[in-house]
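Let's take a walk through this protein together, starting with one helix and working outwards. Have the sequence and the 3D view open side by side.

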Amino acid sequence: MKFVHTADWQLGKPFGRFEPEVRTALADARFDAIDAIGAVAANNGANHVFVAGDVFDTDGPEDRTIVQAISRMERYPCRWWLLPGNHDCARSGGLWARVRQIAGASITVLTEPMALEIEAGAWLLSAPLNHRHNLEDPTDLFEGMVTPDGSVRIGLAHGSIRDFGMQGETKNQIAPDRARRSGLNYLALGDWHGALSIDSRTWYAGTPETDRFQRDEPGQVLLVDVEPDRDPVVAPIRTGRFQWLRRSWVVNDQSAFDAECDQLLAEIDPSATLLELSLAGIPSIQDRVAMIGRLENDVGHRLRYLDVRAGDLVARPSEDDLSALAIEGMLSVAAAKLTNLAEAGGPNGSVAKRALERLFVEYSRASA
């Protein structure tokens, strides 16, 4: 059988750090991802979509968020299986009761751990989270879920196979050999926001629409083909619209900076790209001004979002600059010494870069 494995939709995510226009675009893209997932299922003959937790960003989303999600899913002929995760855990009378009141027969909410025969000979074993943080392995119960011999056993859970540190949940720990222990043909996991293979039968699908500066790959889902007596065939398929990129450039003149900009813009869809850019180098004052100007007046307008960190891009005095300072006596001596320190690098070099830039900034202000 074929199915789609996805997770971490986090519908209703506020994206509070961004301006309203960007927030709206990112929020809408998360709903559009549901249509992309439904299309993947329809185009590949997959009758089921398993959502491994965190369908919603909180356990109290707005009614509009719930209705939008359900209406998008119901456009497609597949069955949707929704597992509560740590962001939208299964609390009595809460979010999932609201979903059930609206959802039709094609959407099943898995608020209790159980084994369900979803097709002849294929069983889904679910491990919903009832609390944000659980001390026990939520998949321990799989070992006691008996299914007929020769059945396909698919586990659905949300948690950490290993400690992802600050980038993932450290609670809800799942045994790394859960698939082997519980005789699973496939273990579909949610929590980690990038597609990740733990072993041939254990995968994180990642989020279908990337939502942070953590990796370059846009959101994906996994198309999975399973049979009883072989490892599953797993194919990542892109569903995300936006790319979130982190780049660090060392540029000491405008030509090097322009080359980096041109290469980046040639490789991406600018209107679907969010960029966090760190700049370092010691360009001339004129080049530094031109670099920042191009980012503010050109590149920033092309991209969906641009965050520039230019604290390490420090202006270097030219010969003309030093000549202009020569009349100031000690200023010229200070500039020369700071330039030598900055070019030498090391712990004093970083301080010298900033001091040199401050010297010229203050001198320029005074001259003006």
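A quick definition before we begin: a residue is called buried when its relative accessible area is under 20%. Also keep in mind that this is a predicted model.

Start at helix α3, which covers residues 95-102. Leu 95, Trp 96 and Val 99 are buried here. Looking down the axis of α3, you'd find its buried residues within an arc of 90°, so they line one face of the helix. The general rule behind this is handy: an α-helix has 3.6 residues a turn, so residues three or four places apart point the same way. And what do the buried residues of α3 pack against? Their partners are helix α2 (63-73) plus two strands, β3 (79-82) and β4 (107-109).

Now hop over to helix α1, residues 20-43, where you'll find Asp 35. This acidic side chain might catch your eye, as Asp 35 has a relative accessible area of 14% and is therefore buried. Which residues does Asp 35 touch, leaving aside neighbours within four places in sequence? The contacts are Arg 72, Arg 75 and Tyr 76. Take Arg 72: it sits 37 residues away from Asp 35 along the chain, yet their C-alpha atoms are separated by 6.2 Å.

Next, slide back to the loop between β1 (2-6) and α1, home to Asp 8. Gln 10 is in that loop too. Most residues other than glycine have a negative phi. Asp 8, however, has a positive phi, near 55°, and Gln 10 has one near 45°. Are these two buried or exposed? Asp 8 comes out at 0% relative accessibility, so it counts as buried, and Gln 10, at 2%, counts as buried as well.

Time to zoom out. The protein chain has nine helices and 15 strands. Its C-alpha trace spans about 90 × 40 × 35 Å along the principal axes. The radius of gyration is 27 Å, whereas a compact globule of 368 residues would have one near 21 Å. Of those 368 residues, 51% are buried. Among contacts with a separation of 6 or more, 71% are between residues 24 or more positions apart.

Finally, the outside. The accessible surface comes to about 16,600 Å², and carbon and sulfur atoms account for 49% of it. As for charges, the chain has 38 positive and 53 negative ones, and their mean positions are 2 Å apart.

How values were computed:
Residues are numbered from 1 along each chain as its sequence is written. This is a predicted model: local features need pLDDT of at least 70, side-chain atom pairs count only at pLDDT 80 or more; totals for chains, interfaces and linings use all residues. Side-chain values use heavy atoms; hydrogens and water are left out. Helices (H or I, at least four residues) and strands (E, at least two) are DSSP runs, numbered from the N terminus. The radius of gyration is taken over C-alpha atoms; the globule rule is 2.2 Å times the number of residues to the power 0.38. Buried means under 20% relative accessible area, exposed over 50%, partly exposed in between (1.4 Å probe, protein chains only). Contact means heavy atoms within 4.5 Å. Accessible areas come from the Shrake-Rupley method with a 1.4 Å probe; for residues, only the protein chains shown count as cover. Lys and Arg count as positive and Asp and Glu as negative; His and the chain ends are not counted. The place of a charge is taken as NZ of Lys, CZ of Arg, CG of Asp or CD of Glu. The arc is that of the directions from the helix axis to the C-beta atoms.
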